[in-house]
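Hi,

Here is the structure I promised to pass on. Have a look at it first, and my notes follow below.

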Amino acid sequence: MTLVEAMPQQTESIEKEFPHEEAVVFQSNGETLFGIIHTPARERFTRRVGLILIPAGLQYRIGPCRLYVNLARQLSEEGLHVLRFDTHGIGDSGGDLGEKYVLDLWGSIEEGLFVQDTLAAVDFFVRQNRLDTVLVGGLCGGAITALICATRTDKVNGLVLLGLPILKDSHAAQNSLTDDMNLCYYGREIGSFGAWGRFLSGRSEYLSIFRALMHMLRNKRSDPLMNQVFLTSLKKVSGSPALMLLIYGERDKYRSDFEDRFWRNKEYRALKRRLRPHAEIHVVKGVDHAFSAPAWQIVLAHLISEWALRNFERPSPDRRTNSLIFR
Amino acid sequence: MNEEPFFVRDGQRELFAILHRPSGAADIGCAIVFCSAFAGEHNMSRRVLVTFARLLASQGFHVLRFDYSGSGDSGGDFRNTTIETYVADTRLAIQALRQRAPCSRVGLLGLRLGSLVGAMTCAADDIDFLVLWAPVVDVRRLFDGLLRSCLAKQMAYEHLVAPNRAELKQRLLAGEEVNMGGYLLTGEMIRWADSFEIERIAKANHPPCFVVDMSKTEKAALSADARLWRTSLQHNEACQAVAITEDSFWQDLPIYRQNSNPAFQQTLQWLRATKGLRLNM
C-alpha cells in the first residue's frame, strides 16, 4: 500500500475545452439505461482502453461532488475512453427502485443490485467504441459493483476501485450486529445459575436467544459486519487475470475499515498473498471519501491514467502491477 | 420514453439538456423548462424532477431539463457561476427549446434557488407562467444552511475540527474558496446573497404564478418564504400558493425519493384550472 501526497489546493480550473461527449442509451433487462461517453480527441494508447464508471450508491452518473464528470474529462484528455451511466432507477435511466430505505438499497448494491446493468454497459461500450481493453470501476457502491461484475464476465481486464466498502450497509446488517451482541451476552450468561433460573421460570427473552442461536448456527464468521460478497468476489478476482487498482482517501472511514478489518487481519493472509501480483493500493494523503476537491480529483485521474498506461498500453509481465510497497 | 439529450452550445458555454416530448398523449402545444436547485440540492432532487418531466410528457407537455454551467453534465467551472449566469443559461435553454419544439406557450418550473432563477428569467424573457416549488427567498439562510450541513458532515464523518460558519463566510469574503460538498463556493455568491432583495424581482411584471410550499410537518399555513413570495406577487391576481406536506427531497433523506405526488398533483391541477393558460388537457 503506498501513501500518495495529494497536491495542495490549486486554483486553476480542471475544466478544459469541451471534449467529445455523447449521450447514449442502451438496454438492460428491458430498461433503457442512459449514459455519457467521453471519447479522447486523440488516441494516446496504441490499444483502445475504456473505463466504465458505475454510479456511487444512488448518486447518478455525475458522481458525488461531480467526481465522475471531472475524472472522465481528465481521463479522456489522457487517452482513455470513458462511459458514465445511470443504472436502472437512477438519474435519467428507466426503471424503478421503489421508495425504500437508502440504507437497505446500499445493502442490495453491495450484494450486486447493479451488476446486470454493468454487464450490459460492458457489452455496449466494447461494441460502441470498439475497445480492446475494458476497465470497470467507481466510488463506494460503484467499486463493489465493479468487483462483483468482474467475477461474472471475463471481458473485464481491470478494476478501478475507489473508496471500496468492505462491510455490509443495511438494516439486516444492523440486525446481524445486534444478534452478534446478543450471542456474546448469552454466551457469557451460560454458566450463570441466575440466568438458568430465569430461563426455566419463563422470564427470559426467548426470541432474542433463539435469534442469537440461529445466528451462531448460520454464521461462524469472525466479523459479522464483513460483506461476504466482497470476500468471495475478491477471492475469485485474485484467481483471474484482471488487475486491480484500489485507492482510498486517507480521511475515508472505509480506508480504516479496509486496513483494520481486512489488511491487518491474519485470517486473510493467504488471500492477500494471492492478490499481490494483481493489485495496487494507494492511500491519498488528506483526502476524503468522495475526493471532493477538484485538486484531489486531478491526483486521482493521474493515478488511474498512469496505472492504465503502465499495465494496459503494452502488456508484458515486467510492466504489470507487482512492484508494490505494502505496509 | 421520448427523450432527446443534447448539448446547447453558445460560445464558451456548453449546457447539457434533455427534451421530453409528449408521449402517450396529444401535444398540447405547451412547454415547461425546469430551473433546477443549487449545487448538491440539484443532485439530490434530480430523480424527482425526471419523474415529473415524464408525467408531464404523458399529459402532452414538452419539458426541457438542463444543467446550469458548472453543474451536472454541462461544461464550465462552478466557481465562475453566479445567479446571473444561471439566468443567462436558462434563457439559452429556452431559446434551444423554441428551436426544437415550437410551442405556443412556455412556462418555467423552479425548485428552491431555481425559483429565483425562474422569476428573474421572467423579467427578461417572454414567459407564460411560473411554477415555484419550495421557493427560496431568504438566500442568506439558504447559504448558511448549506455551509452548516457541509461543516456538520465533515465533523461527523471525518472528525475534522472545522471552522464555524461565520469564519467560513469571512474567508469567502476575503477571497478564499470553500469546498461545499464538492462545489467550490466563492465570495461572489455570498455577496449576492447578502444584497438580495425579493422586492427587486417582485417589481417585474410576472405571468400567472403557482407557489408550492413544502413542509415536513402537516400545517395549513404557508412558510415565511412562501408568504413573502405571495406578498411580493400579490399585484398579480393569477398568483396562487398552496402548502403541502412533503419531505425535503433535495436533501439527504433516509428514504430514496423518486417522486412527490402531492407536488405533482397540485401543479397539474393548477395548470388545468388556470384559464389564462388555455391548456386543452
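Let's begin with a strand in the middle of the notes I took. Strand β2 of chain B (residues 13–20) pairs with β4(B) in the antiparallel sense, over 4 bridges. If you want a residue to click on, B:Ile18 has B:Arg65 as its bridge partner in β4(B). One thing to keep in mind throughout is that this is a predicted model.

β4(B) has another partner too: strand β3 of chain B (residues 30–35) runs parallel to β4(B), and 4 bridges join them. Here B:Ile32 has B:Val63 as its bridge partner in β4(B). To get from β3(B) to β4(B), the chain passes through helix α1 of chain B (residues 40–58), and this β-α-β crossover is right-handed.

So is β4(B) covered or not? Mostly covered: the strand spans residues 62–66 of chain B, and 5 of its 5 residues are buried. In a regular strand, side chains alternate between the two faces of the sheet. You can follow that here, with B:His62, B:Leu64 and B:Phe66 pointing one way and B:Val63 and B:Arg65 the other. All of them are buried, B:Arg65 included.

B:Phe66 also turns up among the aromatic residues. Ring pairs link it into a cluster with B:Phe38, B:Tyr68, B:Phe78, B:Tyr86, B:Phe143 and B:Tyr183.

Over all chains, a search of the whole structure finds 27 aromatic pairs. One of them is A:Phe230 with A:Phe262, an edge-to-face pair at 5.6 Å centre to centre with 80° between the planes. A:Phe230 is in helix α8 of chain A (residues 228–238) and A:Phe262 is in helix α9 of chain A (residues 253–263), so the pair ties together parts that are 32 residues apart in sequence. A:Phe230 counts as buried because its relative accessibility is 0%, and A:Phe262 is buried as well, with a relative accessible area of 0%.

In chain B, B:Phe7 and B:Phe16 make an edge-to-face pair, 5.4 Å centre to centre and 65° between the planes. B:Phe7 has 12% relative accessibility, which is under the 20% limit, so B:Phe7 counts as buried. B:Phe16 is buried too, at 1%.

Two charged side chains sit over rings. B:Arg100 lies over the face of B:Phe6, at 3.6 Å from the ring centre, and A:Lys272 lies over the face of A:Trp263, at 5.0 Å from the ring centre.

Now for a loop residue. Where is A:Ser93? It lies between β5 (81–85) and α2 (102–110) of chain A, and at 0% relative accessibility A:Ser93 counts as buried. Leaving aside neighbours within four places in sequence, A:Ser93 is in contact with residues of chain A, including A:Thr32, A:Phe34, A:Asp86 and A:His88, and with B:Arg47 and B:Arg54 of chain B. Its C-alpha atom is separated by 9.8 Å from that of A:Gln27, which is 66 residues away along the chain.

Finally, some totals for chain B. Its secondary structure comes to 9 helices and 10 strands, and 59% of its 281 residues are buried. Among contacts in chain B between residues at least 6 apart in sequence, 70% join residues at least 24 apart. The accessible surface of chain B comes to about 11,400 Å², and carbon and sulfur atoms account for 47% of that.

Cheers

Note on methods: Residues are numbered from 1 along each chain as its sequence is written. Chains are lettered from A and ligands numbered from 1 in the order in which they are written. Side-chain values use heavy atoms; hydrogens and water are left out. Buried means under 20% relative accessible area, exposed over 50%, partly exposed in between (1.4 Å probe, protein chains only). Helices (H or I, at least four residues) and strands (E, at least two) are DSSP runs, numbered from the N terminus. Two strands pair if DSSP finds at least two bridges between them. A crossover is right-handed if, with the strands pointing away from the viewer, the path from the first strand over the helix to the second runs clockwise. Rings of Phe, Tyr and Trp (its six-membered ring) pair if their centres lie within 6.5 Å; planes under 30 degrees apart count as stacked, over 60 as edge-to-face and the rest as tilted. A charge sits over a ring if NZ of Lys or CZ of Arg is within 6 Å of the ring centre and within 35 degrees of the ring normal. Contact means heavy atoms within 4.5 Å. Accessible areas come from the Shrake-Rupley method with a 1.4 Å probe; for residues, only the protein chains shown count as cover.
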